[in-house]
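The following exercises are to be worked with the sequence and the coordinates at hand. Each task is followed by a solution in steps.

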Amino acid sequence: MLEFTVTLPTYDEDEATKRVLSWIKESFPNMEGVGFYMHPVLMTTSGVTPEITIVTKTHHPVIVRCLAYQLDDLQKIESDTWCINHEEKDSPLLEGADFVVNIRSKFDKDRILRDRLKPFCVLALPSISQHDFNQKFPHSLDGQNVIWADGVVTPICKKLEQPLSEDEWRRVRSIVQGINPLTKGIGQSPKVATTLGEAIRSIDRDIALLDEDQVNAALSIAPGPQRIRGLAGTGKTVLLAMKAANIHLRYPNKKILFTFNTQSLYNQIQNMITKFYRNYSDKDPDWENLHIRHAWGGPRKPGVYYDTCTRLVVPPLRFEYARMVNMDNPFLSCCRHLLSCNLQPIYDYIMIDEAQDFAPEFFQVLYKLSCPPHNIYWVYDELQSLFAEKMPTPEELFGHDSNGKPIITLDGVAYPGGIEKDLVLHKSYRCPQDVLMLAHAIGLGMYSNEGCVQMLPSKASWEGLGYVVESGLDGDTFVKGRLVTILRPAENSPNPITTRYQGKQKIIQAEIFEKREDELNWIADSIYNDITVEKVSPENIVVICLDGRKMRRYLPPLQQRLVERGLPSSIPGLGDESTAFAEPGRVTLSTVFRAKGNESYIIYIFSFEALYDYEEALQNRNRAFTAITRSKAWVRISGIGKGMATAKDEIDRILADQPRFRFVFPDMAAIRSLDAETSRRKQALWKARENISGIVDLDPKAIEALAAKEPRLFKKLLTLLEEANKRENK
Amino acid sequence: MKINEAMSSLIATFHDWDHILVNPNFVRKEYTISWETFVHQRHPDIIYRDYISELENSRQYSFQVIDGSIFQLYYDYQKDGTNLRGASLAFFNIGELKGIFDESLNDDEQSENSKFITKNIGDAEELELRLTGNLASLSFDSIFSDMPLDNNITNFDNSLVPWLRIDYAPNEQMGPLHHSCHMHIGLFYHARIALSCVPTPRQFIEFVISLCYPDEYKEKRLDPSKNFEPLDLDSMKNYNIPCFQSTNGCAMEILPYIRIPTR
């Protein structure tokens, strides 16, 4: 079957192309291949794009230039120009030749495909009969491949002597999708490996390819707001970067904004956009028109807030003051500040990465900065729906007008051309299935002895994450206290590591240690083994400290151990968050937050006992989720004491049930009250710390006096302290 | 002090303090001790955070402190590996105002954006405390309209960085105000405080830590039970063996100067 992608909404009005495409589909109902209406990046120097591009496994690639003209529209046909409606235009045949040269050069750059494919162009004049045309312009199209009004489309078929192999077919699709700049290897990669290093190199050489959902997300240009949802590892940032590059290629004079929340992503996004852009252009993007901006910004780096203030000649708020107004979310103060100003639209396209990190006010600012029809595309990590009761609707994000009507809604039919308003990316490529399921189970606390801390409340939300609810439902809803079984089908986690690596190392490993020193020694030894025996490049190893507040205590001694073993390492972002992550030749030591937006083949997560921290239990589950989902292959978890023993037990039970989750559905009301419980615990801990500090600072004689005067109270205190101490050391 | 002794001093001192010093990047290349990807750079007089970020991003440092502060140690020897031709020892302090291991400040999730915007959270907190009582009654606009304009605008992400640097350039000596070995201190634009000799790596690192990280210095080097006297005075005195030769010049005869201990 032909997978056909419409990239522009003009398709609905393009009757000539629709007619030709219907002829092609009728004539070749079994055609296996991919096609594009208005290929996103094939174009002539004057900006003309071919209406139809088709590649198949069995035929040479064909480009169809569809012209809607009637015979009367054409006055003169010459070799280099046509006179159309009394206007001289480039010959469509020459434009076709440009497309051919363009796409052929892409195929020929690939060693495997070189000289294998001979793309060609076909002219389609579906409103003109061959007979009438030849009478008016005899011999002018002799020898050319033309589709006429009779609907005969055989000119598009030029069979390959040998059909493409699977590998060749992947390469061809990768090139026409424009994702090929992300393919790292040249030539074929070994399919089985027994060391970690070999397996990593093998996967690294895989051909980058988009699935159907991703093609739609990256290549279609919606004529209005569009939401793209997906889990970690579904390629959201890459797709958005590709979209930005493609739009900039097609409309170089349009103003485009790409905004995001994690500063360390800046270079990564800029590099990706440049790569995609340069795949089709010999210049760098025009950064005057394509703005990559952190949401905040400052004199050091431009950003949406800072730039807008500068443009409006309005003093930006200092962080301190923004924080005074809103302790939890100072950026909200900045957005409200902007909303109180007279914002003018300047952007034709706005792309928002990490949309789940932003408050509705930021969306409202961006709406005001966007020109009609408000082409705002935002990618939303489904993670948010793990940790929030529900994802905010577009109506909640963008607000309502003075009549109470939603400013933006994604309801109703798709945009013209079938371009979706709300896309879901179902497949998570980064994490192996076991790893992703472990992350979800830990994040939600489904196997925790203390019960779930968070929960996906509906069948639809589980399905959105790529799961199938097998049992435990009452109709379409979950019932408190009922045993639930949920399956993750293997096809939704197509990470190749389990088939590619056939060595002895487990994908997930959990280790308990008595002392921190032992844990750090084990990590250093294990990394030494990874690098010297398993031949893993140091940049493919990231160590994450789960307990963010202790990173300054734990990371230096770990680095010291690596130095002792002759292993270079780096703790990036100590002073500047945008410092490069995963530098070549160095192991990366990081906090969870700094690791956000990054990924690696081997992830070590240590101080994992913090999962059971009294005060930070909920936050640390979220951190553990983020840390685990950084892994493209192996996860090694370690910690100390009874906290880690409990964590290991939890991990073992999760792994034993895979590929399913089996758990008793929790009371959602209790889960909703967890935030309050966290606040209560913080207060209780603060109070305990204050009171005990008070006791420690007391005059010892006063304590002696208390023992004498209030023996019962004194004994109770001693018992409490002793019991706590015993439990801690158990 | 020969170049191999200077390098040993650097490595040993780094290891002594490696619970707070990280990202070692120092290297010896022929007759120079500097850092990987070393680039000659003349630092501006006024240094902002963005400049330090550039140094960090391009790894222009010998090593860092875990709070992100930067050490640059550069010694250039004559071809005999014995006599020093020049040196530049710098420290750029971007650490938090509070303790290095203050856990509430180290929660990067909480301070992520604050790091981006400013490092002066301490000030903000103070200000907040002062205003807390009135904050609830203040509208958003009124808070900002009350602030002087220059407090509201710009530089919010580009705070000034305290720094100090010791230069040794015997060929550039010019009378008592420009001694061959002198220390610059950030914002004291033309100040050159004469030094009796070039500090060894050990002396410089210990000096900076004692000055900027007194809690760490106390914990490692001093005895709280004896009124913070040195834990082991004799071995600490030995840190000054070997050392560099004394510098000469009239500065030390007519103006106060910094004496570098030698043994």
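A residue counts as exposed when its relative accessible area is over 50%, and as buried when that area is under 20%. The structure is a predicted model.

**Exercise 1. Backbone exceptions**

Task: Determine where A:His86 lies and whether A:His86 is buried or exposed. Then treat B:Asn227 in the same manner, and locate the cis peptide bonds that precede A:Pro659 and B:Pro242.

Solution.

Step 1. As background, most residues other than glycine have a negative phi, and most peptide bonds are trans.

Step 2. A:His86 is not a glycine, yet its phi is positive, at about 65°. The residue belongs to the loop between strand 6 (81–84) and strand 7 (87–90) of chain A. Its relative accessible area is 67%, and because the cut-off is over 50%, A:His86 is exposed.

Step 3. B:Asn227, also not a glycine, has a positive phi of about 55°. Its place is the loop between strand 10 (222–223) and strand 11 (229–230) of chain B. With 65% relative accessibility, B:Asn227 counts as exposed.

Step 4. The bond between A:Gln658 and A:Pro659 is cis, with omega about 15°; A:Pro659 sits in the loop between helix 22 (641–657) and strand 26 of chain A. In chain B, the bond from B:Ile241 to B:Pro242 is cis with omega near -15°, and B:Pro242 lies in the loop between helix 10 (233–237) and helix 11 (251–254).

**Exercise 2. An open sheet in chain A**

Task: Establish the order of the sheet that contains strands 16, 19 and 26 of chain A, and state which strands stand at its edges.

Solution.

Step 1. The order is 16-19-26, in an open sheet of three strands with antiparallel pairing.

Step 2. Strand 16 (468–471) and strand 26 (660–664) each have a single partner strand, so one side of each is left without a neighbour in the sheet; these two are the edges.

Step 3. Neighbouring strands of this sheet are turned against each other by 30° on average, direction ignored.

Step 4. Strand 19 (residues 483–487) is joined to strand 26 by five bridges. One pairing to inspect is A:Leu487 with its bridge partner A:Arg660 in strand 26.

**Exercise 3. The surroundings of strand 3 in chain A**

Task: Find which residues of strand 3 of chain A are buried on each face, and identify the strands that pair with strand 3.

Solution.

Step 1. In a regular strand the side chains alternate between the two faces of the sheet.

Step 2. On one side of strand 3 are A:Ile52, A:Ile54 and A:Thr56, on the other A:Thr53 and A:Val55, and all are buried. Five of the five residues in strand 3 (residues 52–56) are thus buried.

Step 3. Strand 2 (residues 33–37) runs antiparallel to strand 3 and is joined to it by five bridges; A:Gly33 has A:Thr56 as its bridge partner.

Step 4. Strand 4 (residues 62–66) also pairs with strand 3 in the antiparallel sense, over three bridges, and A:Thr53 is bridged to A:Ile63. A hairpin through five residues connects strand 3 to strand 4.

**Exercise 4. Two buried residues in chain B**

Task: Decide whether B:His182 and B:Arg165 are buried or exposed, and list the polar contacts of their side chains given by the distances 2.7 Å and 3.0 Å.

Solution.

Step 1. B:His182 lies in strand 8 (residues 181–185), and B:Arg165 in strand 7 (residues 163–168) of chain B.

Step 2. B:His182 has 3% relative accessibility and therefore counts as buried. B:Arg165, at 13%, is buried as well.

Step 3. A polar side-chain atom of B:His182 lies 2.7 Å from the backbone oxygen of B:His179. The side chain of B:Arg165 makes a polar contact of 3.0 Å with the side chain of B:Asp167.

Step 4. Beyond four places in sequence, B:His182 touches residues including B:Arg165, B:Asp167 and B:Arg192. The neighbours of B:Arg165 on the same basis include B:His43, B:Ser88 and B:His184.

**Exercise 5. A helix pair in chain B**

Task: Describe the packing of helix 8 and helix 9 of chain B.

Solution.

Step 1. Helix 8 (residues 201–212) and helix 9 (residues 214–221) pack at about 115°, with axes 5 Å apart.

Step 2. Helix 8 contributes residues including B:Arg202, B:Glu206 and B:Ile209, while helix 9 contributes B:Pro214, B:Tyr217 and B:Arg221.

Step 3. The residues of this contact divide into five nonpolar, one polar and three charged.

Definitions and conventions
Residues are numbered from 1 along each chain as its sequence is written. Chains are lettered from A and ligands numbered from 1 in the order in which they are written. This is a predicted model: local features need pLDDT of at least 70, side-chain atom pairs count only at pLDDT 80 or more; totals for chains, interfaces and linings use all residues. Side-chain values use heavy atoms; hydrogens and water are left out. Axes are lines fitted to C-alpha atoms, for helices over the stretch in contact, and angles run from 0 to 180 degrees between N-to-C directions. Helices (H or I, at least four residues) and strands (E, at least two) are DSSP runs, numbered from the N terminus. Contact means heavy atoms within 4.5 Å. Ala, Val, Leu, Ile, Met, Phe, Trp, Tyr, Cys and Pro count as nonpolar, Asp, Glu, Lys and Arg as charged, and the others, Gly among them, as polar. Buried means under 20% relative accessible area, exposed over 50%, partly exposed in between (1.4 Å probe, protein chains only). A polar contact is a pair of N or O atoms within 3.5 Å; within protein, one must be able to donate a hydrogen and the other to accept it, and residues adjacent in sequence count only if both atoms are side-chain atoms. Two strands pair if DSSP finds at least two bridges between them.
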